[in-house]
Structures are given as C-alpha cells and as structure tokens.
Amino acid sequence: MELANIFKYLYQSLANSGLPQVWVDIIALVAAGLIVFGVLAVIALFLVWWERKVSAHIQQRFGPMRTGWHGVLQTIADAIKLIQKEDITPTNVDRPVFYWAPIIAFVAAFLAYIAIPFGKGLIVSDLNIGILFIIAITTFTIISLLMAGWGSNNKYALLGGMRSAAQVVSYEVPMVVSILPIILFAGTLSMVEIVEAQAKIYQWFIFRVPFGPIAFIIYIIAGTAETNRTPFDLPEAEQELVAGFNVEYSGMKFAMFFLAEFVNMFTVCAIATTLFLGGWQGPFLPSWVWFLGKTLVLVFLLMWFRWTYPRLRVDQLMEFSWKFLVPLSFANLIIAGFMKHSKWFNW
Amino acid sequence: MNEYAAVLIFLFVGIGVVLFTFFLARLVRPSNPYKAKNQNYECAEPPIGSGWIQFNNRFYIFALIFVVFDVEAIFLFPWAVAFGQLGLYALIEMIIFIVILLFGLFYAWKKGVLKWV
C-alpha cells in the first residue's frame, strides 16, 4: 500500500473544495509540516528506546523492561516527565541567545525533511537543488551549538560549544566531497532523480566499485562526527565537560536539543540510504517500508559504533579529518571523474 | 506556487511547533526560582568570574581552512552536475583546481597549524 496515494487523494479533495489554489497549497504544506513533525517525534521516541535497548544488550543488560512490552513506553514516560520539569534560566545568561538556540537546533534538523523522499512520491517538495539544500540547512546546527555554548555564560558550555563547532566544521568538508561522486554519476542534485538513477540493485552507488564503497564509508564516518556521536562525542564528553553545550539547559529546552540530536542522526542515515542504498527502491513491499528499513539498519550501525569504539582524543579527531579523510575524499572524487569519463560504468 | 514556498512554510511550522511545546510546558511545569538555583553550574561551587572567558583555541585556523574548502565545494557542485556534457577538458581543469587547494592544505599541515593544542 503506497502512502503517497492517500496524500494525493487528500490533496485532491482539498483542491475540489473550492478554495483558491494558493490557500490549498498553503494548507497542504502546513499539514505536511505537522505530519513530518509527528513522524519525526515518533521516530525520535522510538530511536531513544531502541538505543537504550541496543546498548543494554551489547553490555549484557536488559535495559528498560517495566513500562510496557520490553519498556517501549519508557521514552513516552520520559517525554511526559521532561514537559513537567521546571525550566531553569540562570540569571546571568544572554537571554535571547539562550532562548533561541534550542529552537534553531530543532528547526535546522526539521527543514532538511522537505527534500528527503520517504517513498515513491512521498516527498514534500522535490527541490531541484535537493541534496545541496539539505547539506546547507543541516549546517545551521553549528550556529545553534555556538549560541548555546556562548549564551549559557558557563565555561563548560563554552568549551563544549567551541569544540562541537570545530568538529562539525572539520567533518563537513569530507562529508560534502564524499557525496560529489554520486552527483557526478547521477548528473543531478534532486533527491528523487538520484534515487531513480539506482533502479536496479547493481546500480546502487554503494556497489559501484571502487568509488562507491569508499564514498559510503567516508560519508558514514563524517556523518557520525557531524551528529557528535561516539567515537566522536568529545563535545559532549560527560566525564570532562559535563555534557558540553547543553549544561545549563533543562526542561523542554533540553528536550529540544535531545530531539534535534536524534532527528539529525536519522537525517544522516536517511541521506545515506537515498544516496548509496537506492532509497525507496525494492521489490514486493511498499516503497516507504523499504526506505524506513534501510535507514533503520544504518541507524543500528551507528548505535553499534557507539557501544563498540572508545572515544578519540581531540587532536586525533581533528587530524583524522584533515590529514586523512579530506585528501582521501578528493582522491576519490578524481577517480570517480576518470571513471565517468572513460565510461566504465554505463549501466 | 514556487517549490521553495515549502521552505518558508516549514520554517514557520517548525518554529511554531517548538514555541507551542514551550507554551504547553509552561502550563504544566512548576516555577520556583531562587538565587542559588539560578546560578551557573560550576562543580557545585559559586562560579569564579564570568563564563565568557578568553581561552587559546585553534578554532580560527580550522575555520579559515573550512571556508576555503567549502567555497571550493560550492564550485564543485555545478561542475559535478554538468560533468556529462563537459568532457575531459573540464576534468583536467578541476583536477588542477583541487590540487592547488590541496597543496594549500599540505602547506598548512607542514607549517604545523593543523595541530589542535
């Protein structure tokens, strides 16, 4: 069952109701925004629970067990708890900066979903600069990190914010360059057209050796660093920075940072699915099931990283990006250029 | 309607949803601020001085290199999209461009500015 048909039907019945076209589009987009928010909230709640279960089982524990079947209602209980928590704003913070940082963190993560195809035809707006837009808009996260770090008027937060920004900035370069070979071969920036270029399984970009797997590995490493996850979670290192930039946040503001973090993780995996794993393409099942399944496999991979690798040192972290990933990703791009030019892969 | 209208409307929906959640939380949460609670956290001691301190970080070097490479990436995007029609000439030209910038990276590397201290 394709979800896109339901939305098409709803849009048609709205268009036939006699409203002016502009209002029909605005109502449809607002509804789409609310639906995307709802889906993201559910996904984030699920991912938090899943992460806790995965970590528990890797460490031979059970994790949450009491609330619902194997603790599935645990994160809902957590969300209800967070909404009831007192929102403490210390007296000497920079108030507007402190207030807007979590909002920007969430909105930057949320806006990327305009151009991510959840399934065949299941995309809010197929922007013709799709992937460039997503890369550009998710980079706004840096601003929110710096705002939270500076606005808190706290030394831990400042150090954490600065480190996060330096890290995100460093891993942005290999991330962007690693997706360029895909654009080179697909010849388009539109996410839908990139998926359509991978109709058969041997056309998936991850299987186009040698540049595909290399680009995929660089992208996953850079994406892990972009989302500040272990082994690259120095900005939030509990043991030395007491959680870094969000030290002073409590209540719903903290919840927004938390939500944005999990939404960003899902975004990274959704982009990887779209660019490398053929997006929604797959037999038998509806397209959105394929998309969700592939993305969740990648999310599981990131969780697996987190509970397997120890944390890097900050100098190793920066050197790994600039001295290894950046030259490698550029070399990969040049290899892909020669491959495309010599028409090795014309399938 | 312009396809970029979605960006504007999503911006408003995103901000609106977050502000609405903040408003909802305001209705149900307690509020009991007092002086000790509203202090900044610093290991359970009263904080020493302001949090806005000067510290030696290497941020600006990385920021400068980042700007160079990000601008380069912006040039690479249209090149990658149009690559099918451009042919070998554009490929060689772009390789020269990339090598020049990578040479800058190696210069910074040998200068020792890529060390985070």
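**Figure 1. Where chain A meets chain B.** In this contact, chain A puts in 64 residues and chain B puts in 56. Keep in mind for every panel that this is a predicted model. On the chain A side, α2 (21–58), α3 (74–84), α4 (95–111), α7, α11 (251–276) and α13 (314–341) each bring at least two residues to the surface that touches chain B. Sorted by class, that side of chain A has 39 nonpolar, 14 polar and 11 charged residues.

**Figure 2. Helix α7 of chain A alongside helix α2 of chain B.** Here we look at residues 155–186 of chain A, which form α7, packed with residues 59–81 of chain B, which form α2. Their axes sit 10 Å apart, at an angle of about 20°. With the angle under 35 degrees, α7(A) is therefore roughly parallel to α2(B). The crossing of this pair is left-handed. From α7(A) come Met162(A), Ala166(A), Val169(A), Ser170(A), Glu172(A), Val173(A), Val176(A), Val177(A), Leu180(A), Ile183(A) and Leu184(A). Facing them from α2(B) are Phe59(B), Phe62(B), Ala63(B), Phe66(B), Phe69(B), Asp70(B), Ala73(B), Leu76(B), Phe77(B), Ala80(B) and Val81(B). Count up the classes in this contact and you get 19 nonpolar residues, one polar and two charged.

**Figure 3. Zooming in on Phe66(B).** This phenylalanine belongs to helix α2 of chain B. Buried or exposed: how does Phe66(B) come out? Phe66(B) counts as partly exposed, because 19 other C-beta atoms lie within 10 Å, and the cut-off for buried is 20 or more. Setting aside neighbours within four places in sequence, Phe66(B) is in contact with Val169(A), Ser170(A), Glu172(A) and Val173(A). Back along its own chain, Ser50(B) is 16 residues away in sequence, and the two C-alpha atoms are 30 Å apart.

**Figure 4. Helices α6 and α7 within chain A.** Helix α6 covers residues 141–151 of chain A, and its axis is 7 Å from that of α7(A). The angle between the two is about 165°, so α6(A) and α7(A) are roughly antiparallel. Their crossing is left-handed. On the α6(A) side, the contact uses Thr141(A), Ile142(A), Leu145(A), Leu146(A), Ala148(A), Gly149(A) and Trp150(A). On the α7(A) side, the contact uses Ala157(A), Leu158(A), Gly160(A), Gly161(A), Met162(A), Ser164(A), Ala165(A), Val168(A) and Val169(A). By class, these residues split into 11 nonpolar, five polar and no charged. Met162(A) and Val169(A) are listed here, and they also turn up in the contact with α2(B).

**Figure 5. Helix α4 of chain A against helix α1 of chain B.** The partner from chain B is α1, residues 5–28, with its axis 9 Å from that of α4(A). They pack at an angle of about 140°, so α4(A) and α1(B) are oblique to each other. This time the crossing is right-handed. Ile103(A), Phe106(A), Val107(A), Phe110(A) and Leu111(A) come in from α4(A), while α1(B) offers Val7(B), Phe10(B), Leu11(B), Gly14(B), Ile15(B) and Val18(B). That gives 10 nonpolar residues, one polar and no charged.

**Figure 6. The largest nonpolar core and Met256(A).** This core has 128 residues, and the members touching the most other members are Phe106(A), Phe110(A), Ile183(A), Met256(A) and Ala272(A). Helix α7(A) gives the largest share, 21 residues. Which residues does Met256(A) contact, leaving aside those within four places in sequence? Pro102(A), Ile103(A), Ala105(A) and Phe106(A) come from chain A, and Val18(B) comes from chain B.

**Figure 7. Two loop residues of chain A with positive phi.** Gln60(A) sits in the loop between α2 and α3 of chain A. Its phi is near 55°, positive even though the residue isn't glycine. Gln60(A) counts as exposed because it has 6 C-beta neighbours inside 10 Å. Phe284(A) is in the loop between α11 and α12 (287–306) of chain A, and its phi is near 60°, again positive in a residue other than glycine. With 6 C-beta neighbours inside 10 Å, Phe284(A) is classed as exposed.

**Figure 8. Phe23(B) on helix α1 of chain B.** Phe23(B) is part of helix α1 of chain B. Its 10 C-beta neighbours inside 10 Å make Phe23(B) exposed. Ala36(B) is 13 residues from Phe23(B) in sequence, and their C-alpha atoms are 25 Å apart in space.

Definitions and conventions: Residues numbered from 1 in each chain as written. Chains lettered and ligands numbered in written order. Predicted model: local features only at pLDDT ≥ 70, side-chain atom pairs only at ≥ 80, totals over all residues. Axes fitted to C-alpha atoms, helices over the stretch in contact; angles between N-to-C directions. Helix = DSSP H or I, 4+ residues; strand = E, 2+ residues; numbered from the N terminus. Parallel < 35°, antiparallel > 145°, perpendicular 65-115°, else oblique. Left-handed = near helix turned anticlockwise from the far one by under 90°. Contact = placed C-beta atoms within 7 Å. Nonpolar A, V, L, I, M, F, W, Y, C, P; charged D, E, K, R; others polar. Core = buried A, V, L, I, M, F, W, Y, C linked by C-beta atoms within 7 Å. Buried ≥ 20, exposed ≤ 12 C-beta atoms within 10 Å, placed from the backbone.
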